[in-house]
Amino acid sequence: MPLPEPSPPIRAILRARVEAAIPALHGWTSVDKGARLAELVLIAGAERSVELGVFGGRGTISLAIGHEARGEGQVLAIDPWEKAASLEGENSPENDDWWGKLDHEAIYVSFVQALDASGTRPWCRVVRLRSAQAVAEVADGSIQVLHQDSNHSEAVSTAEVEQWTPKLAPRGLWIADDTDWVTTQRAQRRLVELGYELVEDHTSWRVYRKP
Ligand SMILES: C[S@@+](CC[C@H](N)C(=O)[O-])C[C@H]1O[C@@H](n2cnc3c(N)ncnc32)[C@H](O)[C@@H]1O
């Protein structure tokens, strides 16, 4: 069954807020996707959402805007902003070259500034750890929306499915990024094996619902 939509006026408000907050930030989440992430927080009535892989904050701030609209909850922004984590597992040589040269600290600083500039800091908690470490700080069944956008290697993306599935509440939403990459296919197959239902397919990102 498809997910519901918020009313047109609410959708317009969320989109305007995302449009004002994220285009100038480092990263990849588009305004269309960011607006939908904010909507999904509302639709799921999320008390807690999570972004695995924050970078400059485009996705995290979009999720935070959803909590702001609800007047409740928080997004956990999980990212170590650390070169070794970006190079873990097997990725393409171009990918490793790009991440190997990146100033991770500068991206972290830009994210913290963006939280303040967008006014979304009250709706966000920053956890500067790898996803495999941060998972120990989160109670089982306590998340309603999770955006998986960290290291896209097969090893890390598949491990995250195993580690974070218990943290997602029943009927919780798992949003997978770069679903058209070869390296994310195993993680997606695992989601389906675990009984997740594909509820939205945006080609380069998908929304799955936990049973
Ligand atoms: C593709 S970027 C995230 C883009 C961002 N979500 C956006 O909306 O533009 C990937 C991020 O994952 C982070 N990362 C790498 N390994 C990670 C891990 N094991 N756990 C969490 N984050 C990780 C990197 O530091 C990087 O900031």
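Student: Which residue has a polar backbone atom 3.3 Å from an oxygen atom of the ligand?

Tutor: Keep in mind that this is a predicted model. A polar contact needs a pair of N or O atoms within 3.5 Å. An oxygen atom of the ligand and a polar backbone atom, 3.3 Å apart, make such a pair, and the residue is Phe55.

Student: How far is a backbone N or O atom of Gly59 from an oxygen atom of the ligand?

Tutor: Here too the protein's partner is in the backbone, and the ligand's partner is an oxygen atom. For Gly59, the distance is 3.0 Å.

Student: Which residue has a side-chain N or O atom 2.8 Å from a nitrogen atom of the ligand?

Tutor: This time look at a side chain and at a nitrogen atom of the ligand. The residue is also listed with Trp28, Thr29, Gly53 and Asp79 as coming nearest to the ligand. Its name is Asp149.

Student: How much of the ligand's accessible area does the protein cover?

Tutor: Start with the ligand on its own, which has 600 Å² of accessible area. Then put the protein around it, and the share covered is 96%.

Student: Which helices each supply at least two residues of the shell around the ligand?

Tutor: There are 21 residues around the ligand. By class they are eight nonpolar, eight polar and five charged. The helices that each supply at least two of the shell residues are α3 (58–70) and α4 (83–86).

Student: How much space lies in the largest pocket?

Tutor: First find the place: the ligand takes up the space of the largest pocket. Its lining has 43 residues, with Trp99, Asp149, Ser150, Asn151 and His152 nearest the centre. The space in this pocket is about 860 Å³.

Student: Which helix gives the largest share of the lining of the largest pocket?

Tutor: The helices that each supply at least two lining residues are α3, α4, α5 (93–101), α7 (131–134) and α8 (154–164). The largest share is five residues, and the helix is α8.

Student: How much space lies in the largest cavity?

Tutor: Rolling a probe the size of a water molecule over the atoms shows where empty space is left. The count comes to one cavity of 30 Å³ or more. Its space is about 80 Å³.

Student: Which element gives the largest share of the lining of the largest cavity?

Tutor: This cavity is lined by 13 residues, and Gln148, His152, Ser157, Asp177 and Thr184 are closest to its centre. Each of α8, β5 (168–177) and α9 (185–193) supplies at least two of the lining residues. The largest share is three residues, and the element is α9.

Conventions. Residues are numbered from 1 along each chain as its sequence is written. This is a predicted model: local features need pLDDT of at least 70, side-chain atom pairs count only at pLDDT 80 or more; totals for chains, interfaces and linings use all residues. Side-chain values use heavy atoms; hydrogens and water are left out. A residue is near a molecule or strand if one of its heavy atoms lies within 4 Å of it. A polar contact is a pair of N or O atoms within 3.5 Å; within protein, one must be able to donate a hydrogen and the other to accept it, and residues adjacent in sequence count only if both atoms are side-chain atoms. Accessible areas come from the Shrake-Rupley method with a 1.4 Å probe; for residues, only the protein chains shown count as cover. On a 1 Å grid over the protein atoms alone, a cavity is a set of points where a 1.4 Å probe fits but cannot get out, and a pocket is an open set with protein on both sides within 12 Å along at least five of seven lines; lining residues have an atom within 4 Å of a point. A molecule sits in a cavity or pocket if more than half of its atoms lie within 2 Å of its grid points. Helices (H or I, at least four residues) and strands (E, at least two) are DSSP runs, numbered from the N terminus. Ala, Val, Leu, Ile, Met, Phe, Trp, Tyr, Cys and Pro count as nonpolar, Asp, Glu, Lys and Arg as charged, and the others, Gly among them, as polar. Grid points are joined across faces, edges and corners, and a volume is the space filled by probe spheres set on the points.
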